[in-house]
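Please load the model in your viewer, switch on side chains, and keep a selection box ready. The tour below moves from stop to stop, saying what to select next and what is there.

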Amino acid sequence: MREAKQDIAEFELNELETELAALGVQPFHARQLYRWVHNRGLEHFEGMTDLSQSLRVQLNQTFKFSTPQISARRISNDGTEKFLFTLADGKTIESVFIPDTPAMTFCISTQAGCAMRCRFCLTGQMGLTRHLTAGEIAGQVRVLVRELGLQNRRFNLVLMGMGEPLHNYDATMKSLRMIAAPEGLAITPRRVTLSTVGILPGLKRLASERWVPNLAVSLHATTDKVRHALIPTSRNQRLADLIDACREFPIKHRERITFEYVLLAGVNDTTADANRLATLLQDLRAKVNLIPLNEASGIPFSRPSNQQVNRFAQLVASSGLVVSVRKSRGRDIRAACGQLIIKDDCSTQPLNN
Ligand code: SAH
């Protein structure tokens, strides 16, 4: 049977007002409703005690909750915690909580799996299962805030979990507006970083948004040849065009674009690479975030030695660029960059149907 009820968490505040008006309900109740769902993470209408009993019943007859449910959590010995979420259709995704980078950070997914097929990334090897909806993307934050008791705490959000945010553009942007709403979690764009493989039309669109998060671009190479080999879906675009799009990207006062660069021994970590990287980024407000490969079986590359990583970092820094080396977090529980993977997707049972 077709499910006619819509998920209440898929609506932005103004959409909720329209929905309520269509039901003959005063639109100002939308704010109360939005606060219960998006700020307090409630998953039933009964508990919305500032709404009348009859309105709660009416809402329950009209809408449902399809909030992602935590089906497993694992804590790393470095304090990083990985959450397995089961979606309403039984598909699964992962999110990560990093308590101290130095601020608290949530790393969330925008897709179940990923279609980008980056050759060093385990999520890429799974392929795309499906896009997440805006409610599911925002839902990871809602649930984690509730479960970890962080309602009034400051934290950062990075879209660096499973998926390519610009490949699921509309849902991603909608989820960010939902999270930013003052009646919701009020997380401003300044505290959100969107990491992308750099899909050009998506980047251009993002540049024209009113609500622009911090940008991190997964560069990973200094020549088209190497980049095309590492990121097969980038084959239709040139590095020069990606850099141009970044040059045109609106950057807030004193902010910079982060360029992520996964270091793969013997592939992109040579002196020539370091010099080319410096040249590519020289006239941009850029910072470089080097990510020594998180190795895993099935990934046909190896991590350079710490000495090699430092040498590369110093070469790039000597050009005047700001350089950091990303500390790998939660590797023991496979929560580190590129290690989010669900091996057993099909056999997972739905929890909340
Ligand atoms: N689709 C987005 C988010 C990916 S995850 C993007 O491509 O930016 C965030 C970062 O982790 C990306 O820069 C990604 O390339 C990197 N990454 C993926 N696999 C990795 C691995 N095995 N080791 C280190 N970093 C990895």
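Is Lys 82 buried or exposed? Lys 82 is buried, with a relative accessible area of 8%, where buried means under 20% relative accessible area, exposed over 50%, and partly exposed in between, computed with a 1.4 Å probe on protein chains only. Before going further, please note that this is a predicted model, in which local features need pLDDT of at least 70 and side-chain atom pairs count only at pLDDT 80 or more, while totals for chains, interfaces and linings use all residues. Residues are numbered from 1 along each chain as its sequence is written, and side-chain values use heavy atoms, with hydrogens and water left out.

**Stop 1: salt bridges**

Keep Lys 82 selected and add Glu 94, which forms a salt bridge with Lys 82, the closest N and O atoms being 3.4 Å apart. A salt bridge here is a side-chain nitrogen of Lys or Arg within 4 Å of a carboxyl oxygen of Asp or Glu. Glu 94 belongs to strand S5 (residues 92–98) and Lys 82 to strand S4 (residues 81–86), 12 residues apart; helices (H or I, at least four residues) and strands (E, at least two) are DSSP runs numbered from the N terminus. Glu 94 also counts as buried, at 5% relative accessibility.

Next select Arg 177 and Glu 12, whose side chains meet in a salt bridge at 2.9 Å, N to O. This pair links distant parts of the chain, with Arg 177 in helix H6 (residues 169–180) and Glu 12 in the loop between strand S1 (6–7) and helix H1 (13–22), 165 residues apart. Arg 177 is partly exposed, with a relative accessible area of 32%, whereas Glu 12 counts as buried at 13%.

Then move to Arg 146 and Glu 43, a salt bridge in which the closest N and O atoms are 2.6 Å apart. Arg 146 lies in helix H5 (residues 134–148) and Glu 43 in the loop between helix H2 (29–39) and helix H3 (53–62), 103 residues apart. Arg 146 is partly exposed at 27% relative accessible area, and Glu 43 is partly exposed at 23%. Add Glu 147 to the selection, and you have a network of salt bridges that links Glu 43, Arg 146 and Glu 147. Across the whole structure, a search finds 17 salt bridges.

**Stop 2: aromatic rings**

How many aromatic pairs are there? The count comes to five aromatic pairs, under a rule by which rings of Phe, Tyr and Trp (its six-membered ring) pair if their centres lie within 6.5 Å, planes under 30 degrees apart counting as stacked, over 60 as edge-to-face and the rest as tilted. Select Phe 11 and Phe 63, whose ring centres are 5.8 Å apart and whose planes stand at 75 degrees, so the pair is edge-to-face. Phe 11 is in the loop between S1 and H1, and Phe 63 is in strand S2 (residues 63–64), 52 residues apart; both Phe 11 and Phe 63 are buried.

Now select Phe 97 and Phe 106, with ring centres 5.3 Å apart and planes at 50 degrees, so this pair is tilted. Phe 97 and Phe 106 are buried, and adding Phe 155 shows a cluster in which ring pairs link Phe 97, Phe 106 and Phe 155.

**Stop 3: the ligand**

Select the ligand together with the residues around it: 17 residues surround the ligand, the closest being Phe 120, Ser 195, Ser 218, His 220 and Asn 294, where a residue is near if one of its heavy atoms lies within 4 Å. At Phe 120, a backbone N or O atom lies 2.9 Å from a nitrogen atom of the ligand. At His 220, a polar side-chain atom lies 2.7 Å from an oxygen atom of the ligand, and at Glu 260 an N or O atom of the side chain is 3.4 Å from a ligand oxygen atom. Taken alone the ligand exposes 530 Å², of which the protein buries 96%, with areas from the Shrake-Rupley method and a 1.4 Å probe. Strand S10 (192–196) and strand S12 (257–263) are the elements that give two or more residues to the shell around the ligand.

**Stop 4: a loop residue**

Finally, select Glu 248, in the loop between helix H9 (239–247) and S12, which counts as exposed at 61% relative accessibility.

Key: Polar contact = N/O pair within 3.5 Å; in protein donor to acceptor, adjacent residues only side chain to side chain.
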